[in-house]
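Hello,

Here is the structure we talked about handing over. Please open it first, then read my notes below.

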Amino acid sequence: MPKPRSKRGEMREGRKRKRQEQEVGTVESKRARHDDESAGYQLDDDAARPRNDGGETEFFGMLADEEQEYFRRADEMLELNQFPSTEDRDMFLENVYGEAKGKELKLASSQSCSRLMERLIQLSSTAQKKRLFEAFGGHFLSLVQHRFASHCCEALFLRSAGVVSHELSGFVLDTTAKDVDEQEPEASMESLFLATLDELEGNLTFLMADRFASHTLRVLLLVLSGRPLEDASARTLMKSRKKENISVAGSALADEQNRGLRATPDSFTMAVRKIIGDSIADMDPTALRVLAKHPIGNPTLQLLLELDMMLNKTDQKSDSTQPSLLLRLLPGAPQSLFDGASEASEFVNGMVYDQIGSRLIETLVTHCPGKIFKALNQNIFLPRIEGYARNDISSYPAIKVLNRLGKDDLVQAVGSIAPTVPQLVSKTRFNVLRTLFERCAARGIPDEIKKLVKGLKEGCGSKPVDLVTTLCCLKDGKEKVKDVEQLSRNQYAIQSHGAQLLTTLLSIPGPSKAVHESILALSSDQLIRLATTSMPTVTLLTTAMTTPSANSLFQKSIVGTISARTAELAVSQFGHNLVVAVAGVPSKGKDLSVPYHLKEAMMNRLGSHEAELRESWMGRSVWRNWKGDTWKTRRGDWKVWMREVDGPPQEHQADRRRGTNGSHETTATEEKKATRVAKNPGEESQKGEVEVGSEETVDKAADGDDGDMEPEVDKEHTAERRLQKETKTRGESEVGDDQRDKGEKEARKKEGKERKERKEKKGEKEERRKEKKEKREKRAKERHDG
């Protein structure tokens with residue numbers, strides 16, 4: 001029996017069990033339950049009976065108790081996924097489909113079994129999906145409006161999208177069916193989708209605003225358009241935040257063909273055009289405005305508008321006499337937008353401040369053609385951009401506008417917004433400021449960045465620490481808030497936007513210095529709070545740790561502050577990311593380094609809390625990234641690994657190889673030289689003294705500095721002979737190093753060649769063994785047939 005989802009449902013389930021115990025007749029008890037539940041929304045297997053064309057409710061029947069128990073057990077087995085092999089799981093799926101034959105509609109409309117249907121669809125083969133299309137055929141209009149069956153329709157559409165693209169390259173018949181009854185002519189997936197659209201035709205207008213059917217209609221539109229289904233924007237259009245995530249092991253591999261851009265047939269493009277035309281055919285301007293402000297119809301209208309602009313962009317010469325959806329929303333655009341009293345201007349001005357309608361304006365600004373955007377920007381947005389940026393609703397369309405502005409228009413927009421930056425900080429419009437900094441950096445206008453930074457500092461406060469405490473909301477309240485659940489949804493969003501703004505500033509050379517100074521000014525409690533509050537706040541710290549700083553003590557100071565509470569951070573949901581980031585910072589460098597002894601001290605603290613770290617996945621992640629097992633058992637190997645990780649950044653190594661740092665020796669030569677020093681320090685020190693003396697002589701001769709050099713000829717010849725001898729000795733040593741390096745390279749090359757030959761011989765043996773095995777099997781089969 002399904003678990004009740006609310007207190008009201010729990011009371012209803014109690015009354016149902018009481019009636020079943022008291023009444024003898026099964027039919028009467030079921031009828032009594034139906035009558036009792038008709039007052040409120042229903043959660044049982046016969047819940048939410050959808051309407052068909054005539055306005056009546058279509059009922060698909062109920063599963064028997066034995067059937068419900070069987071399918072419940074099958075759902076549990078799929079969720080546990082304890083099958084020995086994929087073949088066994090496929091055989092199990094085939095058996096479940098055999099039991100479900102003729103009961104597909106009952107399963108899809110059942111609260112307890114609709115989840116099983118979704119899992120089955122995720123693992124189904126192409127033939128099984130086509131069978132489901134045929135089983136649902138004739139009832140799609142009712143199913144898409146059903147509370148539970150609509151989710152099954154969405155899963156079926158999504159999982160069948162890649163099959164259409166696959167069949168475009170060539171139709172493949174399914175020959176795996178064993179029963180003669182299953183060997184029937186298959187319809188193409190394209191024809192099955194088009195047949196589904198034929199069932200929905202004529203009802204699209206009211207389906208756009210239906211509570212359950214609107215999501216299914218959006219999924220169908222995305223499949224027909226060929227857009228990637230895994231994009232974040234597509235996911236938000238397809239399902240709400242409350243939707244339950246139904247998944248099963250192995251579904252990701254089966255969904256591989258549905259990823260990325262998909263090729264779609266021309267019939268799908270024509271179907272999308274027809275859906276857009278039929279949806280708005282009977283709507284006047286007033287109805288379109290109502291739909292734009294409708295909480296359920298607005299997302300569907302957004303998708304229709306985006307697809308309409310995409311299709312009109314690819315096919316400029318359309319033969320349709322009916323105006324597009326864009327021109328229905330903005331009549332006479334772009335010329336009408338120059339008139340403030342026109343219908344198009346009034347539509348934009350009315351929607352930009354509406355909580356739901358502003359989302360349609362965002363889609364319009366993002367995807368509209370350049371001519372229309374230019375008219376919108378010049379006449380509506382740019383003259384009032386500072387007012388739009390201050391408002392909590394219109395700021396989101398303003399962000400989309402800023403993303404499309406050119407350099408000159410952006411300079412003008414920043415000139416209007418810069419005096420109001422302190423107001424934006426007080427109103428917590430951090431996402432607007434982040435967009436301004438990003439676009440100014442992308443367009444290469446540093447003067448405007450300086451204006452914005454000046455206004456940002458005025459809005460946050462005069463002290464350096466105020467920059468982080470204001471933007472990350474560390475000033476509010478005296479209590480430490482370490483859990484995201486303790487924050488209100490609005491406050492968490494504000495804090496996230498502020499942390500993202502600071503992270504953006506770290507990527508810009510000028511403002512990054514101010515962010516580093518502000519982080520250094522934080523107290524230890526504030527720093528720990530910042531690291532453990534949320535993912536955006538700890539991302540700020542990890543980015544700061546890996547960003548070069550003008551202050552060479554920045555990384556060392558941060559590590560010294562958090563070192564005492566390393567164990568606490570390591571088991572924190574968000575703080576463990578900061579501990580992991582410290583391991584990747586090099587220990588040598590001018591503007592980005594953490595000394596080796598600080599890392600070793602931090603590792604010692606982690607080692608003393610090993611048992612505590614292993615109890616949580618965060619601690620295990622830290623222990624794995626710091627190579628705790630190697631540190632515990634092979635301390636020397638751990639030190640070698642840490643020194644390898646602690647090497648200077650790649651660009652500095654490249655500079656040293658090119659000789660741009662004043663050194664003419666490669667890194668490998670320096671390492672060999674250090675090895676020779678360790679083996680024979682006396683000889684190398686003498687050689688070093690000789691080399692230093694010779695270099696000083698050469699430098700003096702080059703600079704013309706005679707010093708106390710005597711004019712005697714024999715002394716000059718003696719200095720020249722000494723210099724030649726020292727140069728010859730140094731050249732011979734370098735030649736010896738080169739020969740040694742060359743020998744090592746040849747040995748490694750020879751060893752790799754031998755290893756490759758061994759692999760090839762082994763592969764040939766395997767192939768011969770397989771050939772012999774196949775011949776033996778073939779002979780045995782021929783002997784058996786004979």
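Start at Arg 783. At 63% relative accessibility, Arg 783 counts as exposed, because the cut-off for that is over 50%. Please keep in mind that this is a predicted model.

**The charged stretch of helix 45**

Arg 783 sits in helix 45. That helix covers residues 713–785. Arg 783 also belongs to a patch of positive charge on the surface. Its partners there are Lys 761, Lys 765, Arg 768, Lys 772, Lys 773, Lys 775, Arg 776 and Arg 779.

There is a negative surface patch too. Its members are Glu 754, Glu 757, Glu 760, Glu 764, Glu 767, Glu 771, Glu 774 and Glu 777. Take Glu 757 as one of them. Glu 757 is placed in helix 45. Its relative accessibility is 38%, so Glu 757 counts as partly exposed.

One piece of background may help with the numbering. An α-helix has 3.6 residues a turn, so residues three or four places apart point the same way.

**The chain overall**

How many helices and strands does the protein chain have? The count is 45 helices and zero strands. The chain has 786 residues, and 41% of them are buried. About 43600 Å² of the chain is exposed. Carbon and sulfur atoms supply 50% of that area.

Now the contacts. Take those in the chain with a separation of 6 or more. Residues 24 or more positions apart account for 71% of them.

**Salt bridges**

The whole structure holds 19 salt bridges. Here are some of them.

Lys 103 and Glu 67 pair through their side chains, at 3.3 Å from N to O. Lys 103 lies in the loop between helix 4 (86–100) and helix 5 (104–108), and Glu 67 lies in helix 3 (residues 65–80), so this pair ties together parts that are 36 residues apart in sequence. Is Lys 103 buried or exposed? Lys 103 counts as buried, because its relative accessibility is 19% and the cut-off is under 20%. Glu 67 is partly exposed, with a relative accessible area of 24%.

Glu 94 and Arg 131 form another salt bridge, at 3.7 Å from N to O. This pair links distant parts of the chain. Glu 94 is in helix 4 and Arg 131 is in helix 7 (residues 126–136), 37 residues apart. Glu 94 is partly exposed at 29% relative accessible area. Arg 131 is partly exposed at 33%.

Arg 614 and Asp 629 meet at 2.7 Å, N to O. They too link distant parts of the chain, 15 residues apart. Arg 614 is in the loop between helix 38 (610–613) and helix 39 (617–625). Asp 629 is in helix 40 (residues 628–633). Arg 614 counts as partly exposed at 38% relative accessibility, and Asp 629 counts as partly exposed at 41%.

There is also a network. Glu 69, Arg 72, Arg 73 and Glu 76 are joined by salt bridges that share partners.

**Buried spots**

Look at helix 9 (residues 149–159). Nine of its eleven residues are buried, so helix 9 is largely enclosed by the rest of the structure. Which residues of helix 9 are buried? They are Ala 149, Ser 150, Cys 152, Cys 153, Glu 154, Ala 155, Leu 156, Phe 157 and Arg 159. Note the charged side chains on that list, Glu 154 and Arg 159.

Next, Ser 124. It is in the loop between helix 6 (114–123) and helix 7. Ser 124 is buried, with a relative accessible area of 8%. Ser 124 is in contact with Tyr 97 and Lys 129, leaving aside neighbours within four places in sequence. Asp 90 is 34 residues from Ser 124 in sequence, and their C-alpha atoms are 8.6 Å apart.

Last, Leu 506. This residue is in helix 30 (residues 489–506). At 5% relative accessibility, Leu 506 counts as buried. What does Leu 506 touch, not counting residues up to four places away in sequence? The list is Ser 512, Val 515, His 516, Leu 540, Thr 543, Ala 544 and Thr 547. His 516 is ten residues from Leu 506 in sequence and 8.2 Å away, C-alpha to C-alpha.

Best wishes

Key. Residues numbered from 1 in each chain as written. Predicted model: local features only at pLDDT ≥ 70, side-chain atom pairs only at ≥ 80, totals over all residues. Heavy atoms only, no water. Patch = residues over 30% accessible without salt bridge, like charges linked within 9 Å, V, L, I, M, F, W, Y side chains within 5 Å. Areas by Shrake-Rupley, 256 points an atom, 1.4 Å probe, with all protein chains shown as cover. Salt bridge = Lys/Arg side-chain N within 4 Å of Asp/Glu carboxyl O. Charge placed at Lys NZ, Arg CZ, Asp CG, Glu CD. Helix = DSSP H or I, 4+ residues; strand = E, 2+ residues; numbered from the N terminus. Buried < 20%, exposed > 50% of the residue type's maximum accessible area, 1.4 Å probe, protein only. Contact = heavy atoms within 4.5 Å.
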